[in-house]
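I opened this entry to keep track of what I looked up, in the order in which I looked it up. My topics were a buried helix, a sheet, a helix pair and the relation between two copies.

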Number of protein chains: 4
Amino acid sequence: MALRLVVFYGSVRSERQGIRAARFILNKCRERGHEVALIDPVEYQLPLLDKMYKEYEPGRAPEALQRMARIIIPADGYVVVSGEYNHTVPPALANLLDHFLEEYFWKPSAIVCYSAGAFGGVRASIALRAMLAEMGMSSIPSVLPIPTVQHAFDDEGRPTDEVYHKRAARFLDELEWYAYALREARKSPCVRGECAGEQLVSSAGAK
Amino acid sequence: MALRLVVFYGSVRSERQGIRAARFILNKCRERGHEVALIDPVEYQLPLLDKMYKEYEPGRAPEALQRMARIIIPADGYVVVSGEYNHTVPPALANLLDHFLEEYFWKPSAIVCYSAGAFGGVRASIALRAMLAEMGMSSIPSVLPIPTVQHAFDDEGRPTDEVYHKRAARFLDELEWYAYALREARKSPCVRGECAGEQLVSSAGAK
Amino acid sequence: MALRLVVFYGSVRSERQGIRAARFILNKCRERGHEVALIDPVEYQLPLLDKMYKEYEPGRAPEALQRMARIIIPADGYVVVSGEYNHTVPPALANLLDHFLEEYFWKPSAIVCYSAGAFGGVRASIALRAMLAEMGMSSIPSVLPIPTVQHAFDDEGRPTDEVYHKRAARFLDELEWYAYALREARKSPCVRGECAGEQLVSSAGAK
Amino acid sequence: MALRLVVFYGSVRSERQGIRAARFILNKCRERGHEVALIDPVEYQLPLLDKMYKEYEPGRAPEALQRMARIIIPADGYVVVSGEYNHTVPPALANLLDHFLEEYFWKPSAIVCYSAGAFGGVRASIALRAMLAEMGMSSIPSVLPIPTVQHAFDDEGRPTDEVYHKRAARFLDELEWYAYALREARKSPCVRGECAGEQLVSSAGAK
């Protein structure tokens, strides 16, 4: 009954601090009993997009994409942990996400954004709203912004300020609500007396 | 079992053409057996936002807001029909929507955008993605863009090109899927053995 | 040699606080010796856009638009003081700006954004970047964000924290640089041995 | 007196078509007598951002960054040729641009956007507006959108439809106007009787 979740993180900088926010939310998902995996671009080393996962023959995609696919396909929802580069989404994060598409359909996403400064990376969330929706995983209403991320958590992602426990709880309550709602709907083959399930997925796949 | 839907339209210009797109989608919702109402700013004549509906004592909001509330509150989903003014959302549309907030929570929205030119108003959809999500009614992945709206429909909203029947069908299939999924979830008082329903709504109301 | 500047402000709410930020920047422009006017929607009471200024016969636009035009046309630059409603531009502000177009061409704009909360309204600046550029008055790189605006200034726009003097100085240094640069270029009839001035303005007017 | 311009292009896909649009605009700049260079990510092979050019000791940046710097620093203006991935800026393009910052200051940029479909990639221009402005090179008002780019030009960038000659002429007229205006202003050491030039650049560098 627990959810399968994926946390996407998107910086490969040597001095990256946002990884603390990614670990924090990963831990929080785990504490709530969910099965959760982190997709960290440092680990997967994807090149800049040439071909998407779906453009390869089944089983013929590069190993990094195959491993990502095995995590992404069965997931019930996605948490995107984003910094802000020049007021938009970091390329390493967008590049990770861009390799997949239909695999995200009919599931929710949720945005955690962070910055070294005072505004928590909230400007990146504007571009992410459009991007995640176009990818078929519209983001849930609440966003979890984290200003001065370098001070907000320790290396293992433990918050220095108790308030983050409460904020994460509310944020994940909401993600769970959407993830369960859409999972239920994906199960039932028929809506309004007509068959939806697979059919809808494939028509959307062709959009 | 049918849905209750609201179509928001947002131009008050004397020469407005987008009303054709609003009528088209209204008709399509009706043909599919849904109960659907149009909120047209010309009819409601709201002033620029001073106080939101929720800021009035119950029953004391101006009559136009009361009428809107009676339509918006019981709805299962919202279709937003948007032009594009200077690459963003027309103020008359944003102003209509801004008068409400919690009333939209836990329901989906869907974007129809249009323009007199070739690009179908798709730039307005970027700002709408962020706006609708922040309002608690994240938009479904598909968008229905309508270029040269003045030629796409007649005055009653009948399309001049058959392709719009197919596009609307796919778009509304998707909206229905989300609307039924979230409606089911709103009904069930408990998620993961814990009580969600009302409680979640009110905590989100406080965000 | 001083500049002629216009400050646009965009809230008509009874409890509006952003007017303090507008007064602050107005005072700062004046202190620097510029001729500066405030356009406050409460004073002009424009209805939601029906016809733009340019759509009226010369001299036949409603009095409020005529008065605005007399301020906007001779200006060398524009400061837009924006709140953030549902992560985008307040409709009252967009509606003010939307009534004009060619009148802004070949001049710079600059964004001051504010909020009652911690993020200074920076999300509204994303939609404003696109909007102001499309209006022919691309915004200068620096933005002046003001979090908790209700505490940042007194009623007359005097800052409670000295840091705003320094921030405004840097921001207005930059606006002046662009405003003088573009004013010089508007004066010279010829660029690269070819005639630019009027001609460019009118071709752009037709875009 | 001619300008020094840089065209940034941002796809590394094997089947990329946007390179035709990049070649088209490159040729157009050259025909007008400007010195223009193409920065193509395939040629430079930058990794995902770790350190920016300015974070290296002078002369110690990797060779690809040094070569880019030699082109970017003396330029008078930048043309950004952007596709649209999931309604925002392609990561390969953002990644190229993100390696530099102060090097762009006090100069204009201009957006060419393209897509394989009908909307010309105009949604990417929304994120680009914010991004380029934050980078200190606010984009000029006009955008040059190119729908179905694969049919709009041949391999060498020659347009199949004459209209692109006219569109490019108007677009580059405008870019030139801004590039000359800002170049003049960068030259003059003093604005309003006070010293601007270098000083302004360095204070902005610290923003």
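Before anything else I note that this is a predicted model.

Entry on helix H4. I began with the list of buried residues in H4(A), which reads A:Pro91, A:Ala92, A:Leu93, A:Ala94, A:Asn95, A:Leu96, A:Leu97 and A:Asp98. That makes eight buried residues out of eight, and I therefore record the helix, residues 91–98 of chain A, as mostly covered, a residue being buried if 20 or more other C-beta atoms lie within 10 Å of its own. I then asked what the buried residues of H4(A) pack against. Within chain A the partners are strands S1 (4–9), S2 (35–39) and S3 (77–82) and helices H2 (41–44) and H5 (122–134), and to these is added helix H4 (91–98) of chain D.

Entry on the sheet of chain B. I traced an open sheet of five strands, paired in parallel, whose order is S2-S1-S3-S4-S5. Strand S2 (35–39) and strand S5 (139–146) are its edges, since each of them pairs on one side only. On average, and with direction ignored, neighbouring strands of this sheet are turned by 20° against each other. Looking at one pair in detail, I found that S4 (residues 109–114) runs parallel to S5(B) over five bridges, and that B:Ile111 stands opposite B:Val143 of S5(B). Helix H7 (residues 163–187) of chain B packs on this sheet, where it touches S3 (77–82), S4 and S5 of chain B, and its direction makes about 160° with that of S5(B).

Entry on the H7 pair. I next followed H7 across to another chain, where H7(A), residues 163–187, packs with H7(B) at an angle of about 115°, the axes being 9 Å apart. I noted the crossing of H7(A) and H7(B) as right-handed. From H7(A) the residues A:Trp177, A:Tyr180, A:Ala181, A:Leu182, A:Glu184 and A:Ala185 meet B:Trp177, B:Tyr180, B:Ala181, B:Leu182, B:Glu184 and B:Ala185 of H7(B). Sorting the residues of this contact by character, I have ten nonpolar, two charged and no polar.

Entry on chains B and C. Which operation superposes chain B on chain C? It is a rotation of 180° with 0.0 Å of shift along its axis, and the RMSD is 0.0 Å. This is the relation of a two-fold axis. In chain B the C-alpha nearest the axis belongs to B:Pro91, at 2.2 Å from it. I also checked the interface residues of chain B, of which 96% are interface residues in chain C as well, so the copies meet through the same surface.

Note on methods. Residues are numbered from 1 along each chain as its sequence is written. Chains are lettered from A and ligands numbered from 1 in the order in which they are written. This is a predicted model: local features need pLDDT of at least 70, side-chain atom pairs count only at pLDDT 80 or more; totals for chains, interfaces and linings use all residues. Copies are superposed by least squares on the C-alpha atoms of residues with pLDDT of at least 70 in both. Two residues are in contact if their C-beta atoms, placed from the backbone, lie within 7 Å. A residue is buried if 20 or more other C-beta atoms lie within 10 Å of its own, exposed if 12 or fewer, and partly exposed in between; C-beta atoms are placed from the backbone. Helices (H or I, at least four residues) and strands (E, at least two) are DSSP runs, numbered from the N terminus. Two strands pair if DSSP finds at least two bridges between them. Axes are lines fitted to C-alpha atoms, for helices over the stretch in contact, and angles run from 0 to 180 degrees between N-to-C directions. A crossing is left-handed if the near helix is turned anticlockwise from the far one by less than a right angle, and right-handed if clockwise. Ala, Val, Leu, Ile, Met, Phe, Trp, Tyr, Cys and Pro count as nonpolar, Asp, Glu, Lys and Arg as charged, and the others, Gly among them, as polar.
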